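Good morning, colleagues. I ask that you keep the model in view while I describe its sheets, its helix packing and two individual residues.

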Amino acid sequence: MKVVYIAGRWDPRQQDEYSGNDYGAYHAIEKQPGVDLSLVGPMDFQPSCIEKGLTKVYNRFTGKRLFKYSLTYPKKSAMLIEKEMERIKPDVVFSKYSAPLAKVNLSAPFVYMCDSIIPFSENLAKEFSKPAYRIMEQWERNVIKKASRVITYSQACADLIISEYHTPPEKVSVMPIPAFVPKELRTVKDTTEVELKAPLRLLFIGKRKHLRGIDIAIEVVKMLNDHGITTELRVVGMKGESQGPVHFMGVYNKEDSQELESYFKNFSWAHILLHPARFHAAGIVISEAAAFGLPTITNNVGGLATTVKHEQTGLVLPQGSSPSSYCQVIKGLMEDPKRYQVFRQNAKKRFDEELDWQIAGKKLFDLVKEAANIA
């Protein structure tokens with residue numbers, strides 16, 4: 001079966017590029033038997049001098065980005081994609097990006113995979129200008145309309161794809177966000193040996209300080225220590241100055257085998273993944289944590305209520321929960337060791353059965369074959 005994989009601005013063959021899930025999807029499809037996979041892209045068309053100037057001025061006065069892509073991006077990518085499709089003649093097209101395909105005339109069935117849509121993220125992320133959101137929403141609407149199958153990582157996003165874009169429900173599938181964790185790096189301790197006790201070790205992973213709630217995580221640590229519970233926090237994915245119990249581990253290059261190993265060692269170190277995000281469409285770090293039997297405490301924003309199974313693989317607090325609320329549930333877990341052990345066991349079991357790209361890749365490929373009408 002010939003599959004064309006349409007990249008965005010980043011190379012899905014590189015694990016350290018923009019989306020680790022792009023890497024997972026590409027390699028999951030590539031490894032399936034009988035697949036002839038062709039990559040188109042990555043495509044990074046630069047904006048014009050006028051667009052660059054307007055973007056700089058807009059950002060200076062508003063703190064927001066005027067555009068995510070050059071306005072000519074869909075037209076330029078369409079020319080390249082249509083040329084490659086004519087040459088390859090694929091059985092099916094797959095992509096995780098809407099901008100490259102917004103103006104493409106597709107001559108084969110198309111599977112679109114996304115973690116979010118504009119109506120899902122606009123009111124919470126607020127990163128771009130209103131014109132940018134309207135333009136991206138129109139591109140996205142066009143792409144979803146073209147798709148034979150839409151795959152998303154949360155039920156919340158699936159519901160919006162159906163309601164906001166008037167997509168037939170039977171066309172939309174939910175697949176909790178998988179993670180690629182090399183088997184040789186999954187040094188999981190026996191869950192019966194890991195106790196939740198002081199000194200408490202919390203892990204925070206994220207690149208976007210405000211959206212991922214680093215300030216909330218630091219306040220949780222301060223409050224726990226003030227209450228007499230010795231607590232440390234490792235912050236992974238961003239730079240900062242380590243102070244007291246808060247240690248900034250920096251950014252890891254996942255293309256470097258030693259740094260990749262060091263990155264995953266943080267999960268083995270921690271008792272809990274603390275993820276107090278103000279918005280996150282899915283949260284691949286939660287699935288990575290599950291590979292190590294590490295429970296997550298988060299809140300019900302974006303698609304996190306799908307990535308974490310409440311009272312099974314962790315806890316999902318109400319949206320916008322305060323630091324004191326996180327402290328309260330952490331204390332509750334410390335007082336109920338059996339419940340904590342169940343969370344650890346369930347998290348690892350869920351990774352092995354559902355969140356590992358080795359398993360999820362087969363499900364993804366089944367959906368791709370279904371779209372292409374190939375048994």
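A contact, as I shall use the word, means heavy atoms within 4.5 Å. With that criterion, Leu 304 touches His 275, Ala 277, His 280, Ala 282, Gly 283, Ile 286, Thr 298, Asn 299 and Val 316, residues up to four places away in sequence not being counted. Before going further, I should state that this is a predicted model, in which local features need pLDDT of at least 70, side-chain atom pairs count only at pLDDT 80 or more, and totals for chains, interfaces and linings use all residues. Residues are numbered from 1 along each chain as its sequence is written, and side-chain values use heavy atoms, with hydrogens and water left out.

Leu 304 lies in helix H11, which spans residues 304-307. Helices here are DSSP runs of H or I with at least four residues, strands are DSSP runs of E with at least two, and both are numbered from the N terminus. Is Leu 304 buried or exposed? Leu 304 is buried, because its relative accessible area is 0%; the term buried means under 20%, exposed means over 50%, and partly exposed lies in between, with a 1.4 Å probe and protein chains only. Leu 304 is also 293 residues from Asp 11 in sequence, and the C-alpha atoms of the two are 26 Å apart in space.

I turn to the sheets. Two strands are said to pair if DSSP finds at least two bridges between them. One open sheet has six strands in the order S2-S1-S3-S4-S5-S6, with parallel pairing. Its edge strands are S2 (36-40) and S6 (172-174), each of which pairs on one side only. On average, and ignoring direction, neighbouring strands of this sheet are turned by 20 degrees against each other. Axes are lines fitted to C-alpha atoms, for helices over the stretch in contact, and angles run from 0 to 180 degrees between N-to-C directions.

Within this sheet, S1 (residues 2-6) runs parallel to S2 and is joined to S2 by five bridges. Tyr 5 has Leu 39 in S2 as its bridge partner. Helix H1 lies across S1, S2, S3 (92-95) and S4 (110-114), at about 170 degrees to S1. Helix H3 (residues 73-88) also packs on the sheet, where H3 touches S1, S2 and S3 and makes about 155 degrees with the direction of S2.

A further open sheet of six strands, likewise with parallel pairing, has the order S9-S8-S7-S10-S11-S12. S9 (246-250) and S12 (314-317) are the edge strands, each pairing on one side only. The twist from one strand to the next averages 25 degrees.

Let us look at S10. Strand S7 (residues 200-205) pairs with S10 (residues 272-275) in the parallel sense over two bridges, and Leu 203 has Leu 273 in S10 as its bridge partner. Helix H8 (residues 214-226) packs on the sheet, touching S7, S8 (231-236), S9 and S10, and its direction makes about 165 degrees with that of S8. S10 also pairs in the parallel sense with S11 (residues 296-299), over three bridges; in S11, Ile 297 is the bridge partner of Leu 274. In a regular strand the side chains alternate between the two faces of the sheet. From S10, Ile 272 and Leu 274 point one way, Leu 273 and His 275 point the other way, and all are buried.

Next, helix packing. Two packed helices are described by the angle between their axes and the distance between the axes. For H1 (residues 20-30) and H14 (residues 357-371), the angle is about 65 degrees and the axes are 9 Å apart. H1 and H14 are therefore roughly perpendicular to each other; that label covers 65 to 115 degrees, while under 35 counts as roughly parallel, over 145 as roughly antiparallel and the rest as oblique. In their contact, Asn 21, Gly 24, Ala 25, Ala 28 and Ile 29 of H1 meet Trp 357, Gly 361 and Leu 364 of H14.

What is the angle between H12 (residues 323-334) and H13 (residues 337-355)? The axes of H12 and H13 cross at roughly 100 degrees and come within 6 Å, so these helices too are roughly perpendicular to each other. Gly 332, Leu 333 and Met 334 in H12 meet Pro 337, Arg 339, Tyr 340 and Phe 343 in H13.

Finally, Asn 373 is found in the segment after H14. Asn 373 is exposed, because its relative accessible area is 71%.
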